[in-house]
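User: I am new to this structure. Please take a close look at one part, the contact between two of the chains, and then connect that part to its surroundings.

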Amino acid sequence: MSSLDRKMDRILKREESGKGRRGIKNRTLRKIFANKLSIAGFVIFAGILFMCVCAPLFTQYSSTKVDLRSILQAPSASHIFGTDKIGRDIWARILYGGRVSIGVGFGSALIATVIGVSLGTICGYKGGWLDGVVMKLSEVLMAFPQMILVLILVTVTGQSLWNLILIFSVTGWPSMYRMARSQMLSIREEEYVQALKAFGIGSMRIAFVHMLPNAIGPIFVNVTLSTAMFILQEASLSFLGLGVPLEVATWGNILNVAQDLTILKDAPWIWLPTGIVVTLFVVSINFIGDGLRDATDPSQIG
Amino acid sequence: MAENRKNAANDTLIRVRGLKTWYPIKKGLFKRTAGYVKAVDNVDLDVYKGEILGVVGESGCGKTTLGKSILQLIQPYEGQVIYGAGEEGRDLMQMNKQELNQMRSRMQIVFQDPYSSLNPAFTIFKSMQEPLIRFGMKSKRERKEKIAGLLQAVNLPAEYMERYPNEFSGGQRQRIGIARALSVSPEFIVCDEAVSALDVSIQAQVLKLLKELKERYHLTYMFITHDLSVVEYISDRIVVMYLGHIVEVADTEELFANTLHPYTKALLSAIPIADINKRRKRIPLQGDVPSPVNPPAGCPFHPRCPECREECRKEAPKPATLVKDGRAHIVCCHQVQAEIS
Amino acid sequence: MENKDVVVSVKDLHVNFYNNNRCNRVLRGVSFDLKKRDIMCIVGESGCGKSVTANSIMGLLPELSRIESGSIDFYYQGRDIRIDRLKRKGKEMRELRGSGMAMIFQDPMTALNPVFTVGYQINEALMYHNQAKTKKEADQMAVQLLKDMGIPLPQQRVKEYPHQFSGGMCQRAMIAMAMSCRPKVLVADEPTTALDVTIQAQIFELMLELKNNNDTAILLITHDMGVVAELADRVAVMYMGNIVESGEARAILTRPAHPYTKALLDSIPVLGRGKGQKLEPIKGSTPDPYNRPKGCQFAPRCPYATKECETAMPGEQTIEEGHMCRCFHNLLKGEGI
């Protein structure tokens with residue numbers, strides 16, 4: 001007997017016992033809760049986020065305090081993940097660094113979304129020359145190597161946290177724009193939009209008040225996925241020394257020292273826990289995003 | 001009814017003259033206009049006050065485009081759409097956006113697909129209050145009362161306004177769509193295939209409702225459909241379209257009793273009649289409707305016409321008006337015109 | 001096999017759908033026989049289960065659904081094949097589809113694969129069912145088939161892609177494909193709903209020809225009473241998963257016994273009856289399939305309903321030769337039948 005048959009038997013039995021549908025009525029919520037991976041993802045995500053935000057509760061060390069008496073110490077009771085080359089506590093650096101890394105990722109995703117979705121909503125609804133221009137601009141930006149953009153900005157203005165957010169937002173909005181635009185293009189054909197036009201209602205009001213709420217599902221999914229992407233990008237840029245200034249603790253900057261072969265070989269406690277936390281966090285966000293996508297996609301059965 | 005139909009000619013609500021709705025076909029790198037899809041081509045039509053004007057034709061004949069062009073929901077290419085009788089008449093196509101937006105409270109549309117005509121993210125109240133706000137109803141309590149009244153007018157309980165569209169059946173949604181169109185107290189409503197997507201048992205409910213509302217609110221309908229049995233039931237006058245052209249216009253009884261145009265004849269004979277005692281001879285039509293991108297020269301119907309003559313291939317026929325008992329019967333066919341004269 | 005003319009026999013078929021974690025009893029005991037050289041129409045409103053019936057016969061039910069009980073017998077090449085017991089995607093079922101029974105769908109434009117030429121798709125069917133041995137032979141047969149379907153310039157048309165065909169031509173190509181192996185049964189699920197009336201008339205002519213020349217049994221699913229009146233030999237009226245009335249087309253259309261059939265006939269405008277004709281809408285709307293009435297499914301909307309109707313679904317009653325009705329108050333009772 002196949003698993004499908006068993007599933008059908010289960011539903012049949014429940015219906016026959018007269019209980020009908022139990023639990024959550026909303027299909028989207030029900031599908032999210034049925035997806036074990038996305039629930040696990042949400043637990044890990046919330047855990048890491050909570051610990052980073054409330055970092056002082058979980059460590060008494062500071063992330064920047066140099067302690068030359070205890071450099072390169074292996075994990076012990078006083079420093080649970082050990083210390084780095086200049087004696088800073090790794091655990092404290094992971095927690096405080098997380099604040100910055102998550103902030104950069106989420107902030108950039110939010111700004112990129114605001115820009116991309118606003119442009120996509122206007123262009124997708126109105127079309128015309130504006131749409132053509134913005135479309136070409138987004139194509140140029142998507143084809144432009146991000147690394148070069150970073151190098152240019154770093155040489156012109158020097159390294160800073162805000163530069164990074166700026167670059168991520170500038171390179172990140174085109175994908176949001178395209179997604180929002182294609183959503184608008186399909187919603188535009190719905191008859192309720194024509195009905196609003198027939199009442200002479202302004203196009204901005206139609207686009208933002210009436211159409212946008214129907215595209216919120218895919219937009220939300222995209223926000224989570226690009227947050228994960230930006231966190232990874234921050235880590236890799238900082239690892240190369242091009243990201244956030246080194247004195248600020250971020251996940252990428254902690255990993256930066258692993259460029260040194262001796263540390264890579266002899267002091268795995270510096271980079272391994274950080275690497276695991278970054279991986280866990282990004283994977284958990286992706287799981288949430290996947291769960292959301294399946295839940296908001298009406299073509300999926302179940 | 002019969003009284004005011006006699007002087008109907010004085011009460012023209014909308015006069016359409018030489019209306020052309022052409023869509024450009026863009027080609028190449030620089031989006032050169034390579035040609036036009038002539039969805040509606042050179043249409044003259046009068047809509048009388050208080051009548052139900054049926055527009056029938058097969059898919060792609062331009063009937064929906066005609067309706068939306070009259071409402072200026074689709075920008076026509078050329079022509080006049082004069083709204084209002086006699087001296088008051090104003091050309092909608094000459095109006096600027098503000099003036100046109102003011103006109104939107106006088107003419108409305110009911111759509112075909114009840115599943116896409118309501119915003120799924122909004123409650124019925126939120127969807128329906130939008131036009132009321134637009135036309136200056138500030139107080140929320142007033143809007144609530146108005147919407148409750150409208151829902152009752154289409155035989156739905158007022159509590160339904162707090163619900164979302166997915167809680168309703170197709171027929172109920174269609175009634176909400178009608179209520180929404182009525183909310184701005186229009187005098188002219190285009191019903192674009194308004195009952196085509198509904199189940200047969202629901203179709204009758206909506207048709208009856210539309211008839212009742214017409215009497216109660218003194219409305220004028222333009223009823224666009226492909227279903228001739230529906231159009232026969234509801235319309236006072238019928239327009240038959242083929243490939244962007246009007247081929248025949250007549251009062252309903254006259255059209256069915258005295259069908260003139262060969263296309264109308266074939267169309268009528270092709271319709272399956274739900275009365276088993278009326279199985280009859282079909283006039284088979286060869287081939288398909290030609291593409292409106294390059295319509296045939298001469299009469300648009302000539303490649304499929306069983307009575308095609310030499311001149312049909314060369315020259316497009318002009319509409320000829322026959323008058324019978326004071327009522328006009330317009331037909332656009334060389335053969336028919338030759339027979340009469 | 002009491003009657004050698006019966007090609008497909010469906011008995012007490014129950015099908016459930018399990019979408020959205022709910023169980024929808026879509027078919028609730030459907031029985032009918034499909035005879036050779038017979039056009040049987042199943043009419044009903046959306047959601048009544050008419051398409052599900054067709055798909056069950058073709059073994060094309062969706063993933064989250066199954067036949068709970070009942071049987072579908074297909075009498076083919078002297079054998080009695082139990083379709084309900086075959087694996088839906090198994091080899092036997094695949095071989096049966098196309099050669100023994102074929103189906104045409106509502107939307108011809110999506111039923112053909114847009115990336116292959118029409119000729120290639122017909123060839124494929126011919127080769128799979130060993131109707132043609134070589135590619136050349138298949139090509140010739142494809143051209144002949146399109147010609148039989150009245151498609152002009154068939155030599156040229158076989159090399160074209162579906163988007164170059166109009167809707168009517170696509171449907172004719174689909175019928176050509178369906179008929180390529182001369183199946184015993186043709187299941188047509190709303191074959192003309194997406195087409196214009198003048199094209200619809202052409203397709204019907206074609207189906208009548210097939211029936212007369214090939215002895216094909218046709219199961220025609222439709223919601224249009226006009227189509228029934230024009231084409232059907234026999235009719236089954238479905239409502240909420242049951243056949244509520246079935247019999248000869250003339251009997252059903254002129255002397256309906258079930259209140260639903262009568263209400264349906266009274267609610268549609270009939271061409272030629274003029275503007276004054278009276279329409280009697282059926283009150284209410286079809287019930288929620290997850291929250292069905294207990295007894296007769298039509299009881300809440302039925303003007304004749306009594307207490308009895310609310311407790312149990314009436315059984316099948318033969319009210320006259322070949323005329324079945326499921327109603328406690330069949331409307332012909334008064335006429336002494």
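Analyst: What follows starts at the contact between chains C and B and then turns to the core and a sheet. Keep in mind that this is a predicted model.

Start with the contact itself. Chain C brings 38 residues to it, and chain B brings 35 residues. On the side of chain C, five helices give two or more residues: H7 (167-179), H8 (197-214), H9 (225-231), H10 (249-254) and H11 (259-267). H8(C) gives the most, with 6 residues. Sorted by class, the side of chain C that touches chain B holds 18 nonpolar, 14 polar and 6 charged residues.

Now the core. The largest nonpolar core has 269 residues. Those that touch the most other members are Phe223(B), Cys41(C), Ala173(C), Val187(C), Leu219(C), Val228(C) and Val237(C). Helix H5 (residues 90-126) of chain A gives the most to this core, with 16 residues.

Take Val237(C) from that list. Beyond its neighbours within four places in sequence, Val237(C) is in contact with ten residues of chain C, including Val43(C), Gly44(C), Ile252(C), His258(C), Tyr260(C) and Thr261(C).

Chain B also has a sheet. It is open, with 4 strands in the order S2-S1-S4-S5 and antiparallel pairing. The edges are S2 (32-48) and S5 (90-91) of chain B, and each pairs on one side only. Strands S1 (residues 12-27) and S4 (residues 78-83) of chain B pair over 5 bridges. Lys20(B) stands opposite Glu78(B) in S4(B).

Notes
Residues are numbered from 1 along each chain as its sequence is written. Chains are lettered from A and ligands numbered from 1 in the order in which they are written. This is a predicted model: local features need pLDDT of at least 70, side-chain atom pairs count only at pLDDT 80 or more; totals for chains, interfaces and linings use all residues. Two residues are in contact if their C-beta atoms, placed from the backbone, lie within 7 Å. Ala, Val, Leu, Ile, Met, Phe, Trp, Tyr, Cys and Pro count as nonpolar, Asp, Glu, Lys and Arg as charged, and the others, Gly among them, as polar. Two strands pair if DSSP finds at least two bridges between them. A nonpolar core is a set of buried Ala, Val, Leu, Ile, Met, Phe, Trp, Tyr and Cys residues joined through C-beta atoms within 7 Å. A residue is buried if 20 or more other C-beta atoms lie within 10 Å of its own, exposed if 12 or fewer, and partly exposed in between; C-beta atoms are placed from the backbone.
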